[in-house]
Amino acid sequence: MRCLSLVSVASARLLLSDLPAKDGSFYGSQGDACTACKDTAVTFKDGGSDAWHQYCVCYAANAAALAVSTVGATDKDDWVWACSVNTGAIGSNYKECFPNTEGKVYQNKFGDSEAPDSLK
């Protein structure tokens with residue numbers, strides 16, 4: 001039998017209220033969108049749902065760059081995030097938030113250093 005912990009859900013909602021501020025439906029920078037994705041994944045892990053944290057790879061895209069008409073538009077930073085296991089599912093405009101460009105051995109999907117289980 002599956003049970004849903006209401007305490008975990010309530011805790012996750014409270015933590016999600018600390019996400020970076022939005023301007024309407026969008027974040028003001030790629031960094032804010034990526035932070036929101038990371039914080040959401042970590043919040044759900046802490047709330048008891050490890051699946052999202054295990055499989056989520058954060059991506060961000062600037063929706064302003066995708067607008068059909070930008071004539072007269074002054075806002076050039078309308079960032080959104082997505083959590084996916086591959087870019088093919090979300091489109092090529094999304095860029096990975098925390099790529100391991102330095103070849104770090106113990107970097108997790110969220111850009112944090114993480115020792116392997118055998119060293120903890």
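## Exercises on a predicted model

The model is predicted. In it, the charged end of Lys38 sits over the ring of Phe98, 5.8 Å from its centre.

**Exercise 1.** Check the Lys38 placement against the distance cut-off for a charge over a ring.

*Solution.* Take the distance from the charged end of Lys38 to the ring centre of Phe98: 5.8 Å. The cut-off is within 6 Å of the ring centre. Lys38 is listed as sitting over the Phe98 ring. Now turn to ring-ring pairs. The count of aromatic pairs is zero.

**Exercise 2.** Is Asn62 buried or exposed? Place the residue in its strand, then trace its side-chain polar contacts.

*Solution.* Start with the element: Asn62 belongs to strand 3, residues 57-62. Next, accessibility. Asn62 has 14% relative accessibility, so it counts as buried; the cut-off is under 20%. Then list contacts beyond four places in sequence: Lys76, Asp77, Asp78 and Trp79. Asp78 also appears among the polar partners: the Asn62 side chain reaches its backbone nitrogen at 3.0 Å. The backbone nitrogen of Ala64 is reached by that side chain at 3.1 Å. Finally, Phe26 is 36 residues from Asn62 along the chain, with a C-alpha separation of 9.0 Å.

**Exercise 3.** Which residues does Ser84 touch, leaving out those up to four places away in sequence? Classify its burial too.

*Solution.* Locate Ser84 in strand 4, which spans residues 79-84. Read its relative accessible area: 9%. This is under 20%, so Ser84 is buried. Its contacts are Tyr55, Cys56, Val57, Tyr59, Ala89 and Ile90.

Definitions and conventions. Residues numbered from 1 in each chain as written. Predicted model: local features only at pLDDT ≥ 70, side-chain atom pairs only at ≥ 80, totals over all residues. Heavy atoms only, no water. Helix = DSSP H or I, 4+ residues; strand = E, 2+ residues; numbered from the N terminus. Buried < 20%, exposed > 50% of the residue type's maximum accessible area, 1.4 Å probe, protein only. Contact = heavy atoms within 4.5 Å. Polar contact = N/O pair within 3.5 Å; in protein donor to acceptor, adjacent residues only side chain to side chain. Phe/Tyr/Trp six-rings, centres within 6.5 Å; stacked < 30°, edge-to-face > 60°. Lys NZ or Arg CZ within 6 Å of the ring centre and 35° of its normal.
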